[in-house]
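Q: I am new to this structure and should be grateful for a close look at one part of it. Please examine the strands of the first chain, and then place them in their wider setting.

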Amino acid sequence: MKRFFSKNGLLLLSAAATVVVILCVISAISSGTPFLRNVAGVIASPFRAAGSAVAGWAADVDAHFDSVETLQEENDELRRYVAELEEELRRARVAMEENIHLREALGLTTKNPDYTLTEAKVTERSISNWFSVLTINRGTADGVDIGQCVTDEYGNLVGIITDAGYNWSRITTLLDTDSSVGATVFRTGDVAVTQGRLELMEEGCLALCYLTDPDSLISGDQVVTSGLGGYLPEGLVIGTVREVRVDDGGVNRYAVVKAKVSPEKLVQVFVIRDFDGRE
Amino acid sequence: MTRRLLTIRWSFYGLATVLILVLQSQVLGRISIWGVCPIVLTCLGAVGATREPLPHAVIYAIVLGTVSDTLFAAALPCFYVLLCVASAALSGLVARRVVVPGFLCSVLCCAVALLLSGGVSAVVMLHSGAPAGTATGLLLREVLISLPFALLLIHPVFTRIHRITTP
């Protein structure tokens, strides 16, 4: 066989080339689908179909992976979007709560247009069981100063600023033993002084001292600031009378007043920086 | 002990102190058990002094007291400096003469520190007219409530720091 091809190879190659040239010439000059091309097409058809099927499958697989990637990207994007929405919702909730407090404060300023208020947040409670002090996030930079009084959003007295830094201040609450505020019993008009007492602090109460007629008091009487001396505005609610007691000496009597404000529950307060009649 | 190791040890103590101060300010200050909130500030100086040399412990107590006096309201001026130094000195004495440094020593030193700080506050309150019964009751409750928190927060952390920085 090898010898045959080595002897007649060139002849065969020439013959094959001649046949190919003839076929090409026939194909070129004939109209319609040439027979030879037709036959070749028929033979190639199943292979094409198979190739096409494989290519289609590959394309499908590729498309599948593409779609998974797209879906993953979409999923990531949606997750980000959900996270953003959740963050917005959280902010909206905070804003809504703040809005409620501010609306209440607006009521306070509507009732008392002469008040100059500064809103503040309680940042720390007292690190002691022996006194009642709060720290807020407003200081001299916001016009807050020592001696100004602090209320909650309903106009209930919280305490007095006793220490003021650049961006922080310390409030000594009504319950503290250093606290002393001029007060009036709203119903009777009796003028007295509220004082913080250690033995009452835990119950959230304070003492109403120097009463002219303790017998006239009844449980539930409202005690408000007297406003005398121009130190504090008049009419800020301090609390309600609970009972009348005799002091340890057995001579003087004082009323136990339940403070309207619980310092440990306060989150937001308002500093009254100025009011009519302030001295 | 090398200077490098000493620096690392006190850096760790400083970091732990800052964390406990934050915890005291933002968490313990808002907890109320039996009408009192746990106070662990002076115990920091006391527990520190049980294992460290007294001069180091006193310097630490002065810094801790100054920071506390700056940050927190107190019954007297320099309240925390005085009490932290006194607690550290007493604890150093207890750890060297009475009980070997360890959990029992920390219990004793924390109790002394709490009694000291509560006692001074009680005296100030008595001076301003508070009934003795109320002040004593509050003092005892404060010690009982604060002691477990101090031992839980400070003793394990300080012991661990001392152990890992001992060559």
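A: The model is predicted, and the account starts with a residue of the partner chain before turning to the strands. B:Y60 lies in helix α3 of chain B, which covers residues 54-71. Is B:Y60 buried or exposed? B:Y60 counts as buried because 22 C-beta neighbours lie inside 10 Å, and the cut-off for that class is 20 or more. Leaving aside neighbours within four places in sequence, B:Y60 is in contact with B:Y13, B:G45 and B:G48. One of these, B:Y13, is 47 residues away from B:Y60 in sequence, while their C-alpha atoms are 9.1 Å apart in space.

Another helix of chain B is α5, residues 103-127. Its 25 residues should span 36 Å at 1.5 Å a residue, and the end C-alpha atoms are indeed 36 Å apart, so the expected and actual spans agree. Just after α5(B), B:G129 has a positive phi of about 105°.

The strands requested belong to chain A, whose secondary structure comprises three helices and 12 strands. Of the 279 residues in chain A, 29% are buried. Among contacts in this chain between residues at least 6 apart in sequence, 53% join residues at least 24 apart.

One closed barrel in chain A has six strands, in the order β1-β2-β5-β4-β3-β12, with antiparallel pairing. From one strand to the next, the twist averages 45°. Strands of a sheet pair through backbone hydrogen bonds, in either a parallel or an antiparallel sense.

Strand β2 of chain A, residues 133-136, deserves particular attention. Which of its residues are buried on each side? A:V133 and A:T135 are buried on one side, and A:L134 and A:I136 are buried on the other, so that both faces of the strand are covered. β2(A) is joined to β1(A) by three bridges, and the two strands run antiparallel. Within this pairing, A:V122 has A:I136 of β2(A) as its bridge partner. β2(A) also pairs with strand β5 of chain A, residues 169-173, in the antiparallel sense over four bridges. There, A:L134 stands opposite A:I171 in β5(A). Thus A:I136 and A:L134, both buried residues of β2(A), appear in the pairings with β1(A) and β5(A) respectively.

β1(A) pairs with strand β12 of chain A, residues 268-274, as well; this antiparallel pairing extends over six bridges. A:E119 stands opposite A:F270 in β12(A).

Chain A also holds a closed barrel of six strands that runs β6-β7-β8-β11-β10-β9, again with antiparallel pairing. Neighbouring strands of this sheet are turned by 45° against each other on average, direction ignored. Within the barrel, strand β7 of chain A, residues 191-195, is joined by three bridges to strand β8 of chain A, residues 205-209, and the two run antiparallel. The bridge partner of A:T194 in β8(A) is A:L208.

The final topic is the meeting of the two chains. In total, 16 residues of chain A are in contact with 21 residues of chain B. On the side of chain A that touches chain B, the elements giving two or more residues are β1 (116-125) and α3 (198-201) of chain A. By class, that side has five nonpolar, four polar and seven charged residues. β1(A) therefore has a place both in the barrel order and on the side of chain A that touches chain B.

Notes: Residues are numbered from 1 along each chain as its sequence is written. Chains are lettered from A and ligands numbered from 1 in the order in which they are written. This is a predicted model: local features need pLDDT of at least 70, side-chain atom pairs count only at pLDDT 80 or more; totals for chains, interfaces and linings use all residues. Two residues are in contact if their C-beta atoms, placed from the backbone, lie within 7 Å. Ala, Val, Leu, Ile, Met, Phe, Trp, Tyr, Cys and Pro count as nonpolar, Asp, Glu, Lys and Arg as charged, and the others, Gly among them, as polar. A residue is buried if 20 or more other C-beta atoms lie within 10 Å of its own, exposed if 12 or fewer, and partly exposed in between; C-beta atoms are placed from the backbone. Two strands pair if DSSP finds at least two bridges between them. Axes are lines fitted to C-alpha atoms, for helices over the stretch in contact, and angles run from 0 to 180 degrees between N-to-C directions. The expected span of a helix is 1.5 Å times one less than its number of residues.
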